[in-house]
Amino acid sequence: MDELAFAYAEELANKEYITATYYLESESDVDIVARAASFAVGQSVGTWTPVPGVTREMLERHMARIVAIYDVPPVELAIDLPTSKRAFFVQIAFPEANFGPQFPMLFTTLLGNDVSTAAQLKLVDLQLSPSFVAGFGGPKFGIAGLREHLDIPQRPILLNMIKPCTGFGPKAGAAFFTASARGGADVIKDDELLGNTSFSAMLDRVSAYRRAAQQVYEETGHQAAYCPNITDRPEKVTQNARRAQELGANMVMINGISAGLGIIQAVAEDPDVTIPILAHYAGTGTLVENPRAGISSPLLLGKLKRMAGADVAMFGSIYSAYPLLREKYLRTAHFQTMPLYDLRPTMPSVGGGIHPASAARIIQDIGFDVMLAVGGAIQGHPDGTEAG
């Protein structure tokens with residue numbers, strides 16, 4: 001088994017593997033090669049103890065391979081080893097056949113079994129083959145399609161999430177919607193905390209808010225789009241998307257971390273859902289903030305949400321109280337928009353403490369292809385929502 005656990009990256013480049021890059025820390029006396037091999041085998045064909053039925057053919061087809069181990073800094077001599085911990089980037093190639101183009105088993109393979117392999121590590125990136133990415137449809141609309149759908153050809157798009165977050169019914173919400181639409185908001189959405197509740201059924205909101213949008217359009221000529229939060233139990237989310245669309249919703253929002261990226265993928269791949277998907281990032285901190293475990297934010301909110309099918313994907317502003325590093329913020333936008341085989345780009349949506357000065361800085365950072373997600377600065381304006 002040992003000789004199959006290692007391979008050149010070049011040897012696997014044109015084969016059906018995805019390569020995961022992990023950050024790993026260990027005590028100075030730990031055998032990093034053995035630990036990496038244990039993780040690679042344990043996350044593919046390995047077990048706690050040897051078992052019958054393992055064949056050479058099985059190992060060659062299904063076992064993960066270590067393609068690189070980089071120490072940071074790159075030490076060569078034992079006399080230069082640090083006295084405490086060492087840090088490494090480890091790259092492991094996993095056969096695509098082990099999980100296929102879906103997220104639950106992909107995450108299980110990449111992150112799910114670390115206790116049994118005695119490794120604490122953080123997934124920082126994935127190198128994906130054309131064949132693997134082709135298994136995901138990605139965004140139906142992308143940036144260009146979203147702009148055409150909203151009839152906003154060039155400028156940044158203003159998104160308002162209604163505040164207060166929850167606790168009101170559809171009639172009161174429609175009044176909030178009307179004020180925001182009169183002020184000129186392009187897209188108005190539910191807060192991530194307001195789903196399909198006993199006091200505010202999602203479909204009742206769609207009906208009430210679309211009537212409000214039509215009334216404002218007839219009076220002012222401004223057409224505000226409504227994006228309801230359709231997050232729910234897995235078997236209901238696609239149904240919610242279809243019904244919301246039938247009642248006139250212009251987009252739908254899914255809390256993509258709490259619901260799971262597979263839920264976004266299911267809605268995006270439903271041929272009956274023909275409106276854009278906005279993916280919220282609530283709960284991301286639980287997966288990304290530990291520097292030694294979990295997953296990097298650009299990978300999760302950028303590349304993977306894009307693969308799942310998010311036409312718009314939200315992430316945090318660095319001009320707020322949240323202490324997000326500038327490079328993570330920028331790289332998330334890059335991962336959403338850089339060319340990636342045939343996938344359409346996802347439009348970045350930046351939220352958290354947005355006001356006119358920070359909005360200008362965000363546009364300088366990311367460009368005009370951005371959706372500014374504004375809440376309290378609109379509803380909380382001292383001169384009222386329209387002024388906000």
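## Helix α6 and its surroundings

Helix α6 spans residues 142–150, and its buried residues are G142, I143, G145, L146, R147 and L150. Right after α6 comes D151, a residue with a positive phi, near 60°. Please keep in mind as you look around that this is a predicted model.

One name in that buried set may catch your eye, since R147 carries a charged side chain that takes part in a salt bridge. Its partner is D369, and the closest N and O atoms of the two are 2.9 Å apart. This contact ties together distant parts of the chain: R147 belongs to helix α6, while D369 lies in the loop between α15 (356–366) and β13 (371–374), 222 residues away. Why does R147 count as buried? Its relative accessibility is 7%, and the cut-off for buried is under 20%. D369, in contrast, is partly exposed, at a relative accessible area of 34%.

## The chain as a whole

Stepping back, the chain holds 16 helices and 13 strands. Its C-alpha atoms fill a box of roughly 75 × 45 × 35 Å along the principal axes. How does the radius of gyration fit with a compact globule? For 388 residues such a globule would have a value near 21 Å, and the chain has 23 Å, which agrees.

Half of the chain is tucked away, in the sense that 50% of the 388 residues count as buried. The chain exposes about 17,700 Å², and carbon and sulfur atoms supply 54% of that area. Contacts reach far along the sequence, too: among those between residues at least 6 apart, 77% join residues at least 24 apart.

## A five-stranded sheet

If you follow the strands, you will come to an open sheet of five, ordered β2-β3-β1-β4-β10 and with mixed pairing. Which strands stand at the edges? They are β2 and β10 (294–295); each has a single partner strand, so one side of each is left without a neighbour in the sheet.

Strand β3 (residues 85–95) is mostly covered, with nine of its 11 residues buried. On one hand, β3 runs antiparallel to β1 (residues 17–27), and 11 bridges join the two. On the other, β3 pairs with β2 (residues 65–72), again in the antiparallel sense, over seven bridges. A handy landmark for the β2 pairing is I66, whose bridge partner in β3 is I92.

Strand β1 also pairs with β4 (residues 121–127), running antiparallel to that strand with six bridges between them. T19 is a good residue for finding your way here. In β3, the bridge partner of T19 is A93, and in β4, T19 stands opposite Q127.

## Salt bridges

Across the whole structure, a search finds 15 salt bridges. Besides the R147 and D369 pair described above, one of them connects the side chains of R86 and D71, at 3.4 Å from N to O. This pair again links distant parts of the chain, with R86 in strand β3 and D71 in strand β2, 15 residues apart. Are these two partners buried or exposed? R86 counts as buried, at 16% relative accessibility, and D71 is buried as well, at a relative accessible area of 18%.

A further salt bridge joins the side chains of E11 and K15, with an N to O distance of 2.9 Å. Here E11 is partly exposed, with a relative accessible area of 47%, and K15 is also partly exposed, at 40% relative accessibility. Elsewhere in the chain, R242, D270 and D272 are linked in a network of salt bridges.

## A nonpolar patch on the surface

Finally, take a look at V51, V54 and M58. These residues form a nonpolar patch on the surface, and together they have about 200 Å² of accessible area. V54 is found in the loop between α2 (32–42) and α3 (56–62). How accessible is V54? Its relative accessible area is 37%, so V54 is partly exposed.

Terms used:
Residues are numbered from 1 along each chain as its sequence is written. This is a predicted model: local features need pLDDT of at least 70, side-chain atom pairs count only at pLDDT 80 or more; totals for chains, interfaces and linings use all residues. Side-chain values use heavy atoms; hydrogens and water are left out. Patches are made of residues with over 30% relative accessible area and no salt bridge: like charges are joined within 9 Å, nonpolar side chains (Val, Leu, Ile, Met, Phe, Trp, Tyr) within 5 Å. Accessible areas come from the Shrake-Rupley method with a 1.4 Å probe; for residues, only the protein chains shown count as cover. A salt bridge is a side-chain nitrogen of Lys or Arg within 4 Å of a carboxyl oxygen of Asp or Glu. Helices (H or I, at least four residues) and strands (E, at least two) are DSSP runs, numbered from the N terminus. Buried means under 20% relative accessible area, exposed over 50%, partly exposed in between (1.4 Å probe, protein chains only). The radius of gyration is taken over C-alpha atoms; the globule rule is 2.2 Å times the number of residues to the power 0.38. Contact means heavy atoms within 4.5 Å. Two strands pair if DSSP finds at least two bridges between them.
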